[in-house]
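New to this one? Here's a short tour, starting at the ligand and then moving out along the chain.

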Amino acid sequence: MSRFWSGFVKELDPYVPGEQPKLANLTKLNTNENPYGPSPKVIEAIRMAASDRLRLYPDPTSAELRQAIADFYQIDSAYVFVGNGSDEVLGHVFNALFRHEAPILFPDISYSFYPVYCQLYQISFDKVPLNDAFEIDVDNYSNTNGGIIFPNPNAPTGCLLALSDIEKLLRKNTDSVVVIDEAYIDFGGESAVSLVKDYPNLLVVQTMSKSRSLAGLRIGYAIGQPELIEALVRVKDSFNSYPVDSLASAAGIAAMKDKAYFKDTCQAVIDERNKVVTGLQELGFDVLPSAANFVFASHKQAKAADIAAGLRKEGIIVRHFNKPRIEQFLRISIGTATENQQLLSVMDTLV
Ligand SMILES: *Cc1c(COP(=O)(O)O)cnc(C)c1O
C-alpha cells in the first residue's frame, strides 16, 4: 500500500492465476493448457514473421486476423473483435457493455475473473446458484439485469448448456447483453456463434489459448453484431490500439486456417478425457459430465485438499478451490496419454 496509489487500487482483490512453476519436470494439470503443441504451420508462420518488419506497428484493426476468424465461422469480419487474450477481451466487454444501473448476473460457481472485473469497473452483480447437479438453469436468470455472462461449458465444472437453453435465455432477455464465454466449446460443445445473426443481444467470446494451444501467445476474440463490436473497439482504442502484435497475428491466422490439426488435437483431448473419466470413476470419484479439456471430480471418501497435496508431492499439480460448494472437488486438466496414466497411477496410491 502506498500514498502514491489511486484510491481504488487499495481496495482491489485481483485474480490469482493458476501457478506456472519454474520446475520443468512437473506434470502440469492445473491451468487447462492444451497438452499438444500448436500446429507446425503456426510455428512456421511465426518464423516467417520474425523479420525486419517488426520495426513497424501492427495493423491496429487486425484486419487479416479478423478475416481468418470470420472465414472459419463463415461470417462477416465486421462481427469479429480481437484482443490480447480473451481475458483482455472480457475486460473490454465488462467496461463497454456491462456498466449499467442493474446488476449483472453470473453463476455462483464460475470463472473467478468475473467478480474481479466487476470490482475494477464498479459493476454490481448477483450470483445465480447452479442447480444441485451443478448445471446452469436458465429459468433462474429472470431478474432485471445489466447483462448476463457465463462460460459454456462452464468453468470449473465442465458442464455444457444446450444451445436451445441459450436461445431461451436470449429471447427472454432482450434488454441486456448475454455473453457466452466459449473458452472450452471446441472440446465437445456446439458454438453459439450460429445464433449471432438472429440475436443482437448475444456476444460470444473465445480464445486461442485452449483448443488452439496458444496460451503463450495471447489471442482472444469476440463475435457479435457490429453494434456490439463497435462498443468494444471504442474502449480498445481508448486503451491500447495495438493489442495483437505482428507475431501473434501471423500465428493466429495460421491457427485458424489449419483446420485438420485443430480437429485432430481436439479429438485426441476428448478421447483422453474419456479415459481419465473412466479411470477416476474406477478409483471411487464422482466426475461431473465434462465437455471441456478438464474434469471436475470429487472422491467419495478422500478429502480433495489431501489428494491435491499428495499429488503435488509426486510432482503432479491440479487445481483445488477452497470455496463453498466445491471444496471437495479437484479440477484436473487433461494431459497427454502418458501424463494421464501417471495421474491415475499416483491417484491409486492416494485414495
Ligand atoms: C482460460 C479462460 C479464459 C482466458 O483465456 P485467455 O484467452 O488465455 O485470456 C477465459 N475464460 C475462461 C472461462 C477460461 O477458462
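## Contacts with the ligand

Let's start with S86: one of its backbone N or O atoms lies 2.6 Å from an oxygen atom of the ligand. D87 also joins in through its backbone, with an N or O atom 3.0 Å from a ligand oxygen. Y184 uses its side chain instead, where an N or O atom is 2.5 Å from an oxygen atom of the ligand. Keep in mind that what you're looking at is a predicted model.

How much of the ligand does the protein bury? Taken alone, the ligand exposes 390 Å², and the protein buries 92% of that.

## The surroundings

As for where the ligand ends up, it sits in the largest pocket. There are 13 residues around it, and the ones that come nearest are S86, Y184, T207, S209 and K210. So what kinds of residues make up this shell? It's a mix: five are nonpolar, four are polar and four are charged.

Which helix gives the most to the shell around the ligand? That's helix α3, covering residues 86-97, and it supplies three residues.

## The annotated domain

Now zoom out to the chain. UniProt lists residues 25-345 as "domain: Aminotransferase class I/classII large", and the entry is an unreviewed one. Over that stretch, the chain is 36% helix and 15% strand. The C-alpha atoms at the two ends of residues 25-345 are 17 Å apart.

## Some backbone details

Have a look at the loop between β5 (148-151) and α5 (163-171), where you'll find P153. The peptide bond joining N152 and P153 is cis, with omega at about -5°. P156 has its place in the loop between β5 and α5 too, and there's a cis peptide bond from A155 to P156, with omega near 5°.

One more spot to check is N32, in the loop between β1 (27-28) and α1 (40-49). Although N32 isn't a glycine, it has a positive phi of about 60°.

Technical notes:
Residues numbered from 1 in each chain as written. Predicted model: local features only at pLDDT ≥ 70, side-chain atom pairs only at ≥ 80, totals over all residues. Heavy atoms only, no water. Near = heavy atom within 4 Å. Polar contact = N/O pair within 3.5 Å; in protein donor to acceptor, adjacent residues only side chain to side chain. Areas by Shrake-Rupley, 256 points an atom, 1.4 Å probe, with all protein chains shown as cover. 1 Å grid on protein atoms, 1.4 Å probe; cavity = no way out; pocket = protein on both sides within 12 Å on 5 of 7 lines; lining within 4 Å. Sits in = over half its atoms within 2 Å of the grid points. Helix = DSSP H or I, 4+ residues; strand = E, 2+ residues; numbered from the N terminus. Nonpolar A, V, L, I, M, F, W, Y, C, P; charged D, E, K, R; others polar. UniProt positions renumbered as here; feature names shortened; annotations may be inferred.
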